[in-house]
Amino acid sequence: MKRLFWLGLGVATGVIVTRKAAEAAQRFTPAGVGEQVGEGLRELAAAIGSFGAEVRAGMSEREHELTDMVEQRTGQPLPGISRQPTRTRAPGAGDRG
């Protein structure tokens, strides 16, 4: 009975090690490396897009703040500035702590 247990354990270990080795070998093939690079570029593009949206939202918010400050100090509305009744922010902008 003991021998059967150790045989089963050895077979299971061999299968697991073989699968892990095959996965590691696949990651180092040209297709595997290309897949990893492609995934990294997609993540980078998403991060850049998110950063750009946050910058645009911040610029818009600051423009409104400056416009309000100038209008308060001068008592006159600024010519050529269209006032938007609602100010929207990019999703997730300013949510980071």
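Reader: Where is T67, and what makes T67 count as buried?

Author: In this predicted model, T67 sits in helix α2. Its relative accessible area is 6%, and buried means under 20%, so T67 is buried.

Reader: Which backbone atom lies 2.8 Å from the side chain of T67, and what makes that a polar contact?

Author: The backbone oxygen of E63 lies 2.8 Å from a polar atom of the T67 side chain. The cut-off for a polar contact is 3.5 Å between N or O atoms, and 2.8 Å is within 3.5 Å, so the distance fits that cut-off.

Reader: Where is P77, and why is P77 called exposed?

Author: P77 belongs to the segment after α2. Its relative accessibility is 62%, and exposed means over 50%, so P77 is exposed. The C-alpha atoms of P77 and T67 are separated by 8.5 Å, with the two residues 10 apart along the chain.

Reader: How many salt bridges does the structure hold, and how do you know that R62 and E65 meet in a salt bridge?

Author: The structure holds one salt bridge. It joins the side chains of R62 and E65, with 3.3 Å from N to O. The limit is 4 Å, so a distance of 3.3 Å meets the definition. As general background, side chains of opposite charge can pair when their charged atoms come close.

Reader: Where do R62 and E65 lie, and why is each called partly exposed?

Author: Both lie in helix α2, which covers residues 30–74, and they are three residues apart, about one turn of the helix. R62 has 46% relative accessibility, while E65 has 37%. Partly exposed is the range between 20% and 50%, so R62 and E65 both belong there.

Reader: How many aromatic pairs are there, and what makes the pair of F5 and W6 edge-to-face?

Author: A search of the whole structure gives one aromatic pair. The ring centres of F5 and W6 are 5.1 Å apart, and their planes stand at 70 degrees. Centres must lie within 6.5 Å and edge-to-face planes over 60 degrees apart, so this pair is edge-to-face. Both F5 and W6 are exposed.

Reader: Which residues form the nonpolar patch on the surface, and why does L4 count as exposed?

Author: The patch is formed by M1, L4, L7, V11 and V15, with about 580 Å² of accessible area together. L4 is in helix α1, residues 2–27. L4 has 59% relative accessibility, and the mark for exposed is over 50%, so L4 is exposed.

Reader: What does the chain look like as a whole, in helices, strands and buried residues?

Author: The chain has two helices and zero strands. Of its 97 residues, 9% are buried. Its accessible surface comes to about 8400 Å², and 63% of that belongs to carbon and sulfur atoms.

Terms used: Residues are numbered from 1 along each chain as its sequence is written. This is a predicted model: local features need pLDDT of at least 70, side-chain atom pairs count only at pLDDT 80 or more; totals for chains, interfaces and linings use all residues. Side-chain values use heavy atoms; hydrogens and water are left out. Patches are made of residues with over 30% relative accessible area and no salt bridge: like charges are joined within 9 Å, nonpolar side chains (Val, Leu, Ile, Met, Phe, Trp, Tyr) within 5 Å. Accessible areas come from the Shrake-Rupley method with a 1.4 Å probe; for residues, only the protein chains shown count as cover. Helices (H or I, at least four residues) and strands (E, at least two) are DSSP runs, numbered from the N terminus. Buried means under 20% relative accessible area, exposed over 50%, partly exposed in between (1.4 Å probe, protein chains only). A polar contact is a pair of N or O atoms within 3.5 Å; within protein, one must be able to donate a hydrogen and the other to accept it, and residues adjacent in sequence count only if both atoms are side-chain atoms. Rings of Phe, Tyr and Trp (its six-membered ring) pair if their centres lie within 6.5 Å; planes under 30 degrees apart count as stacked, over 60 as edge-to-face and the rest as tilted.
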